[in-house]
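Q: Hi! I've got a new model open on my screen and could use a hand reading it. Can we go through it together?

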Amino acid sequence: MGRDRQSVLDKLHRHFQTVKKGNWSLEEEEDLIKAVREVTGLQNLDEIKQLEIPWRTVAQLVPTRNEQQCRAHFFFLKRSKLQNIDDNASKIKKWQKEESHRLIDILSNGDYSFETDIDWNEVNQSFVDVSPSASYIQIQFYKLKSDIPDFHRKSFSDLLEEISSSHKH
């Protein structure tokens, strides 16, 4: 399981970088939106597509956060706060224990032999009320599995079984 040069450099950069964790301040959100507009040259955020944004450049303009945080939070903002939401549309709710149970059930009942078999975009469709993106669902699954000792040494089915038993409904 080798890593390419860029992967190692990115890991080292994230390790030594001092960034805030947790909730974003209003100032950080404003900096993020300003940085995305500046880097893309687009004022209308609806025109911005995920693959068009150089997140490393954005993160350089938001000094308190790294590129992964900027990317994830921007799409959370875009989906929950920045869109014109009519009265009938619901905003994204906070991830709760119930969503963790639902995620465990979906993965346990899916036809997955390995974690790499999971189509996170498809799984995300079951969480549109609480998830801004497929990567958000992956992060939630990582949080669940990281509670299991030596999770990286277990098979996917054993891991799901342990997660399920540790998060009984």
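Here is the chat that followed, starting with the overall fold.

Q: First things first, what kind of model is this?
A: It is a predicted model.

Q: How many helices and strands does the protein chain have?
A: The protein chain has eight helices and zero strands. Along the sequence the pattern reads α-α-α-α-α-α-α-α.

Q: And how much of the protein chain is buried?
A: Buried residues make up 33% of its 169 residues. The accessible surface of the protein chain is about 11400 Å², with 48% of that belonging to carbon and sulfur atoms.

Q: What share of the contacts links residues 24 or more positions apart?
A: Counting contacts with a separation of 6 or more, 54% are between residues 24 or more positions apart.

Q: Okay, on to the inside. Which residues have the most contacts in the largest nonpolar core?
A: They are Leu-103, Leu-107, Trp-120, Val-123 and Phe-141, in a core of 20 residues. The elements giving two or more residues to this core are α5, α6 (120-124), α7 and α8 (156-166).

Q: What does Phe-141 touch?
A: Setting aside neighbours within four places in sequence, Phe-141 contacts Leu-103, Leu-107, Glu-115, Trp-120, Phe-156, Leu-159, Leu-160 and Ile-163. Apart from the core of 20 residues there is another one, of 15 residues, with Ile-33, Leu-45, Cys-70 and Phe-74 among them.

Q: Why would side chains like that gather inside?
A: As a general tendency, nonpolar side chains in soluble globular proteins are buried together.

Q: Now the packing. How do the axes of α5 and α7 cross?
A: The axes of α5 and helix α7 (residues 134-146) come within 11 Å and cross at roughly 95°. Angles of 65 to 115 degrees count as roughly perpendicular, so α5 and α7 are roughly perpendicular to each other.

Q: Which residues make that contact?
A: From α5 there are Ser-100, Leu-103, Ile-104 and Leu-107, and from α7 there are Ile-137, Gln-140, Phe-141 and Leu-144. By class, the contact of α5 with α7 has six nonpolar residues, two polar ones and no charged ones.

Q: Ser-100 caught my eye there. Is Ser-100 buried or exposed?
A: Ser-100 counts as buried because its relative accessible area is 12%, and the cut-off for buried is under 20%. Ser-100 sits in helix α5 (residues 97-109). Not counting residues up to four places away in sequence, Ser-100 touches Trp-95 and Leu-144.

Q: And what about α7 with α8, how do those axes cross?
A: The axes of α7 and α8 come within 9 Å and cross at roughly 80°, so α7 is roughly perpendicular to α8. Phe-141, Leu-144 and Lys-145 of α7 meet Phe-156, Leu-159, Leu-160 and Ile-163 of α8. The contact of α7 with α8 has six nonpolar residues, no polar ones and one charged one.

Q: Switching to loops: what is the phi of Asp-150?
A: Asp-150 has a positive phi of about 55°, although it is not a glycine. Most residues other than glycine have a negative phi.

Q: Where does Asp-150 lie?
A: Asp-150 is in the loop between α7 and α8. Asp-150 is partly exposed, with a relative accessible area of 46%.

Q: Last one, then. Where is Asn-66?
A: Asn-66 lies in the loop between α3 (55-61) and α4 (67-82). Asn-66 is buried, with a relative accessible area of 11%. Asn-66 and Lys-20 are 46 residues apart in sequence, and their C-alpha atoms are 8.7 Å apart in space.

Methods:
Residues are numbered from 1 along each chain as its sequence is written. This is a predicted model: local features need pLDDT of at least 70, side-chain atom pairs count only at pLDDT 80 or more; totals for chains, interfaces and linings use all residues. Side-chain values use heavy atoms; hydrogens and water are left out. Helices (H or I, at least four residues) and strands (E, at least two) are DSSP runs, numbered from the N terminus. Buried means under 20% relative accessible area, exposed over 50%, partly exposed in between (1.4 Å probe, protein chains only). Contact means heavy atoms within 4.5 Å. Accessible areas come from the Shrake-Rupley method with a 1.4 Å probe; for residues, only the protein chains shown count as cover. Axes are lines fitted to C-alpha atoms, for helices over the stretch in contact, and angles run from 0 to 180 degrees between N-to-C directions. Angles under 35 degrees count as roughly parallel, over 145 as roughly antiparallel, 65 to 115 as roughly perpendicular and the rest as oblique. Ala, Val, Leu, Ile, Met, Phe, Trp, Tyr, Cys and Pro count as nonpolar, Asp, Glu, Lys and Arg as charged, and the others, Gly among them, as polar. A nonpolar core is a set of buried Ala, Val, Leu, Ile, Met, Phe, Trp, Tyr and Cys residues joined through side-chain atoms within 4.5 Å.
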